[in-house]
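Hi,

Here is the structure I promised to pass on. Have a look at it first, and then read my notes below.

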Amino acid sequence: MSKSIRLALVGCGYIAQHHYNAILKCNGLAKVTAVVDVNDERTADYSSKTGAKAFKSLKDALTWGEFDAVDIMLPHHLHEEAAVECLEAGKHVLLEKPMAVSLAACRNVLAAAKRSGKVFMVCENAQYWPEVVKAKQLIEEEAIGDVYYAKAHYWESPAITDFDFDSWQYDPAQVGGGLLMAGSCHWIRPLRMWLGEIEEVIGITGNPLAHRIAANYETLADALLRFKNGKTASFTALIIDTTLSNQPYFRIFGSKGEITIGGTFKGGLTLYNDEFPDGKAFEPVHGYFASFPFTMMEFVQCVLGEKVPDVSPEYAVGEPMIMWAIYRSLSSKKWEAVGCVDMD
Ligand SMILES: NC(=O)c1ccc[n+]([C@@H]2O[C@H](COP(=O)([O-])OP(=O)(O)OC[C@H]3O[C@@H](n4cnc5c(N)ncnc54)[C@H](O)[C@@H]3O)[C@@H](O)[C@H]2O)c1
């Protein structure tokens with residue numbers, strides 16, 4: 001393998017701009033040679049920026065084949081087929097979250113990844129969100145003592161998001177659910193990083209946006225999470241088209257204090273303990289989108305054989321499995337075990 005990788009961008013919509021900006025920060029270690037999208041304007045835009053060859057279909061791009069790895073950024077219901085196709089064609093795969101829309105589909109992707117021997121990573125960029133990483137470091141340094149509880153609060157309002165309610169992103173069939181399978185699942189990974197593995201969950205959902213989108217797409221969810229080590233957390237997700245107060249995204253509670261990560265994608269971390277009773281705000285403030293360059297660099301270095309992925313693909317099924325357990329609890333009205341994906 002040469003000292004850089006050739007990459008195909010598959011799906012050139014909203015998130016592609018963040019992935020592309022991240023590629024630009026990879027010190028020349030990644031070059032985009034193919035761009036794929038059914039939308040010609042979008043491929044033309046990325047072709048002109050990168051010099052990459054444009055394709056309307058993934059199949060045609062794979063037939064051409066002049067790339068080592070793909071970055072799949074498609075609607076969720078297309079993830080399984082696209083990932084399996086690319087792995088079977090011998091490409092390394094970075095796949096936007098969630099891995100797929102059902103456990104059977106995730107197993108299919110995992111099996112294809114195993115057969116291929118290629119690098120397969122789910123883009124769970126929250127793993128590399130600088131404020132989340134800093135919080136993990138502070139917890140390990142016992143800056144707030146023993147952590148016993150956390151609150152994760154995903155929220156979007158017109159203050160931070162331009163909603164397009166006609167998009168696939170509000171169609172339960174293409175998303176594989178509602179808000180739990182969309183943006184809010186990025187708020188689960190930090191909880192796992194800080195508190196450990198989640199054993200069981202119970203939740204409620206609602207849809208205060210039912211007048212604008214499908215009634216069966218939850219835009220509100222509230223869940224209690226119990227971890228294997230006995231710790232607990234609460235997780236709330238809400239998107240709404242009204243004004244909201246500015247709440248922290250995360251609060252982490254320990255025996256000696258609290259850490260908060262600011263709401264809005266701008267982030268910002270504040271530590272409260274005996275030394276800093278009024279809070280110490282850490283500088284610089286990075287924000288959620290600063291996670292993408294680190295995520296991309298992790299993938300590129302793994303493809304180059306310079307390191308092995310920080311987390312396994314099986315671990316990355318954890319977020320959708322937690323969401324599916326919350327969905328199950330809605331009908332059982334009981335705590336539901338999350339389980340784990342068992343592959344041989
Ligand atoms: N990590 C994050 O913070 C984050 C944020 C937003 C979206 N996402 C994820 O990124 C992925 C894409 O979301 P998005 O917001 O960019 O959506 P989007 O609709 O903006 O982009 C998807 C693109 O895929 C193209 N497309 C659809 N069907 C296709 C096909 N069969 N072949 C080729 N192209 C096709 C569309 O034309 C569109 O350009 C999803 O998995 C989503 O969950 C992640």
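How many residues does the hairpin use to join S11 to S12? The answer is two. Here strands (E, at least two residues) and helices (H or I, at least four) are DSSP runs, numbered from the N terminus.

Before the rest, two housekeeping points. Residues are numbered from 1 along each chain as its sequence is written. Also, this is a predicted model, where local features need pLDDT of at least 70, side-chain atom pairs count only at pLDDT 80 or more, and totals for chains, interfaces and linings use all residues.

**The whole chain**

The protein chain has 10 helices and 15 strands. Its C-alpha atoms fill a box of roughly 60 × 45 × 45 Å along the principal axes. A compact globule of 344 residues would have a radius of gyration near 20 Å, and the protein chain agrees, with 20 Å. (That radius is taken over C-alpha atoms, and the globule rule is 2.2 Å times the number of residues to the power 0.38.)

The domain assignment gives domain 1 (5-123) and domain 2 (127-291 + 321-337); such bounds come from an automatic or database assignment. The two centres, taken over C-alpha atoms, are separated by 27 Å. Eight residues of domain 1 are in contact with nine of domain 2, where contact means C-beta atoms, placed from the backbone, within 7 Å. On the domain 1 side, those residues divide into four nonpolar, three polar and one charged. (Ala, Val, Leu, Ile, Met, Phe, Trp, Tyr, Cys and Pro count as nonpolar, Asp, Glu, Lys and Arg as charged, and the others, Gly among them, as polar.)

**The six-stranded sheet**

Strands of a sheet pair through backbone hydrogen bonds, either parallel or antiparallel. To count as a pair, two strands need at least two bridges found by DSSP. One open sheet has six strands in the order S3-S2-S1-S4-S5-S6, with parallel pairing. Its edge strands, S3 (53-55) and S6 (120-123), each pair on one side only. Four bridges join S1 (residues 5-10) to S4 (residues 69-72), and Val 10 has Ile 72 as its bridge partner in S4.

Helix H1 (residues 14-24) lies across S1, S2 (30-36), S4 and S5 (92-96), at about 170° to S1. Helix H2 (residues 40-50) lies across S1, S2 and S3, at about 155° to S2. (Axes are lines fitted to C-alpha atoms, for helices over the stretch in contact, and angles run from 0 to 180 degrees between N-to-C directions.)

**The nine-stranded sheet**

Another open sheet has nine strands, ordered S14-S13-S12-S11-S7-S10-S9-S8-S15, with mixed pairing. S14 (280-281) and S15 (336-337) are the edge strands. Back to that hairpin: S11 (residues 250-254) and S12 run antiparallel, joined by five bridges, and Arg 251 is partnered by Thr 260 in S12. S12 (residues 257-261) also pairs with S13 (residues 269-273), antiparallel over five bridges. There, Gly 257 stands opposite Asn 273, and Ile 261 has Leu 269 as its partner.

**The ligand**

Which residues are closest to the ligand? They are Gly 11, Gly 13, Tyr 14, Ile 15 and Glu 96, among 23 that surround it. (A residue is near a molecule if its C-beta atom, placed from the backbone, lies within 6 Å of it.) By class, this shell has 12 nonpolar, seven polar and four charged residues. Both domains give residues to the shell, so the ligand lies between them.

Cheers

Definitions and conventions. Contact = placed C-beta atoms within 7 Å.
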